[in-house]
Structure formats: C-alpha cells, structure tokens
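Me: I am new to this structure and would like a close look at a single part of it. Please take the sheet slowly and explain each term as it comes up.

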Amino acid sequence: MNDFISPGLACVKPTETKKVSNDTDTGEIQVGKEPNELEKVSISLQDCLACAGCITSSEEILLSRQSYSVFMDTWRQVSNERELAVSISPQSRISLANYFEMPMDEFLLCLMNFFKVYFGCKYFVGTQIGRNITIYRTNQLLKNLKSRGELEGKPRLSAVCPGFVLYAEKTKPDLVPYLLNIKSPQQITGSLLKDSAGSNEKIYHLTIMPCFDKKLEASRPDSENEVDCVITPKELVTMLQELKLDLKMFATANTSLLNELSPDGWDPLLHWSSNDGSSSGGFAYQYVLDLQALYPNSELVTLNGKNSDVREYRLIDPTNLKTLASSSELYGFRNIQNMVRRLTSSNTKKRTIRVLRKRQN
C-alpha cells in the first residue's frame, strides 16, 4: 500500500530542465548557458505515465480508452446488449472504505448496491479467486524450475506488476528471460467471469484496480479480451462526484447481495477473502509457505532489509541451517533499481529488445 505514487511527490528519476539566462547588462538573451545538472520536479502519477520515456504514444492512446468517462459512455451504448460484471482488488476496497470512512462490510454492500441500482450490474466480485490461481500457477512453475535446478544463479521475477514488466521490456531487456509468464489476478478474474457467463451472455468487464499501469496490462494483446475497462479508486470517486451521487445513499443491510451478484458456483467467502502476505498480493511469502509443506521440520524466517520496503523470506533446515528456498519483496523504484543493477552488472553484452513471452497460464 505504501508503494502508491501520490500527486506532489518528487520523481525518483530526475528530469532535465533547460534554463535560459538573461544578461542583466545588455538585456539580451544568451544561449548555450543552460546548466547541465538535473533537477527534481514534482509530478503526479498521470504525468509519470505520460512521460515519453515510459510509454509510447500508442500506449498513451490505450490509456485514454481506460477511464471512468469512457466506461459510462460505452455502457450507455451497450447496456441493452451486454451484462455488466465488476471486479475489485482487495487494495482498492481498503482504500475506498478508508476514504468514505465506512467499515469494510458496510462499504462493500454499499458499493455493490450502487452498481446494481445505477448500472444494472449482474456480477460483482472480488479478485481473490484470480489471485489464488495466480499464486498456485506461480508456485507450481517455481517448484518445477527448482526441481530441474534452473533456479540456481539468478532468481525468477514476478510479472504481476505491469509497471515493472514495462520497465524491464523497454529499459532492461536482459531481465525479460527471468520474468514468469503467469497472468495477474486481474486478467484471470476477467477470464473466469466471461467463462462463467456462458456463450449466451456477452459480458462487459469493469475492474477497479489501485494502479494506473493496470490499464496498460488490460490493453496488452494477450489480455485485451479479458478486461474491457480499468478504473482506479480515485476515478471511482470522481465519477460519483460528476454524477452528484453520495455513495452512502446506497447503504443497505441486504447481505444477500453477496450471493445474488456472484456467478453460479462462486463462493462469496472465497472471492471476497484475502490471503496472507504483503499488501501487493503475498506472492513471495506464499511461495516459501507452499514449499514449507514439503519440509515439515523447516522454519520460515523473515529478514528485513536496509529499509522497510525490502523483505526476504527464507526456509531454513534447522538441522544444518541450510537455506532450502528464499524469496524477496521489493517496493519503491530505488530498491528495484538496486536489484536490477546486481542482476545485470555481470552482463555487458550489447542490449537487444526483448518482449515478455505471451502469458497463457
């Protein structure tokens, strides 16, 4: 949760600014006297994504198609032909419940009732089922690699964060072979929703995610049919403001909504739950926890890094203190840069462009 970029924070990547000096004696503008040093500028998350060094102009167009205004305009046109399904991540639920100063259970029913009454929503689910599948597939893949001895040397990197995937593909292509080709909970949830609806229903899938980069993930060629639109909690609040609606107007004690808005066969207690681990999904913790089942006498040790945004999990054999497995969580671009330098420092080959393999899992 503390890795979200808020408006007004200084960008960790300095931006070059050119200044033109005025000659106070002649009043003429002199060129060629711009300072060479880089200055930090205050930017917002949207400014960061609009940077030409981060995304291309075509990706900027894709971002413009993923907004609350596009959702409302599109839904007015297709509401007679398609059914609306909404999914929301655990992080977004926490953020919104805190913003509206409501208990989680009360907020959730309120939000579900809003989408049902105002947009005629047919399904409203949490993304935990998708996350469970992502974690399971990730653990299975890592265990297979470990059994073949392919985890020795350099680690495997999660590709669930679309911001990191873009960073690796565009600036650090040497890292691409180490990215796991497992789809994110957002995309798997979307696929499950559209499969659950059956061939006779056309689902429009709107998802509420904590990060703007999830919009680009939904627009990737291997993911575009699973999610129709991504909005952030901030955009949801703005949408309510533009509609001149108070979310608390839709407060209800009708707990049957949990079952009513769940697809057939979906257990609300499962898709509205959240697994143990970090606020970003707990993938590192769940991997070591899964391996611990294979070593009943082992001990799971948590080691904190140089700052609070770095943490390592180690599975230790208490008889010889051997490390059986380990995984790490890194937050913040500076920590990621430090990790990248260590992984790529020995590779001095000429950089070539590589793209993450199409994720089919």
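How many residues lie between E8 and E9 in their hairpin, and which residue in the turn has a positive phi?

Reply: The model is a predicted one, in which local features need pLDDT of at least 70 and side-chain atom pairs count only at pLDDT 80 or more, while totals for chains, interfaces and linings use all residues. Residues are numbered from 1 along each chain as its sequence is written, and side-chain values use heavy atoms, with hydrogens and water left out.

To take your question directly, four residues lie between E8 and E9 in their hairpin, and leucine 321 in the turn has a positive phi of about 60 degrees. The labels come from DSSP runs numbered from the N terminus, where helices are runs of H or I with at least four residues and strands are runs of E with at least two.

The hairpin belongs to an open sheet of three strands, arranged in the order E7-E8-E9 with antiparallel pairing; two strands are said to pair if DSSP finds at least two bridges between them. E7 and E9 stand at the edges, and each has a single partner strand, so one side of each is left without a neighbour in the sheet. On average, neighbouring strands of this sheet are turned by 20 degrees against each other, with direction ignored; the axes behind such angles are lines fitted to C-alpha atoms, for helices over the stretch in contact, and angles run from 0 to 180 degrees between N-to-C directions. Helix H13, residues 283–292, packs on the sheet and touches E7, E8 and E9, contact being heavy atoms within 4.5 Å. The direction of H13 makes about 160 degrees with that of E9.

Each pairing can now be followed in turn. Strand E7, residues 299–304, runs antiparallel to strand E8, residues 310–317, and six bridges join them. Within this pairing, leucine 303 has glutamate 312 in E8 as its bridge partner, and the hairpin that leads from E7 to E8 passes through five residues. On the other side of the order, eight bridges join E8 to strand E9, residues 322–330, and these two strands also run antiparallel. Here valine 310 stands opposite leucine 330 in E9.

As general background, strands of a sheet pair through backbone hydrogen bonds, either parallel or antiparallel.
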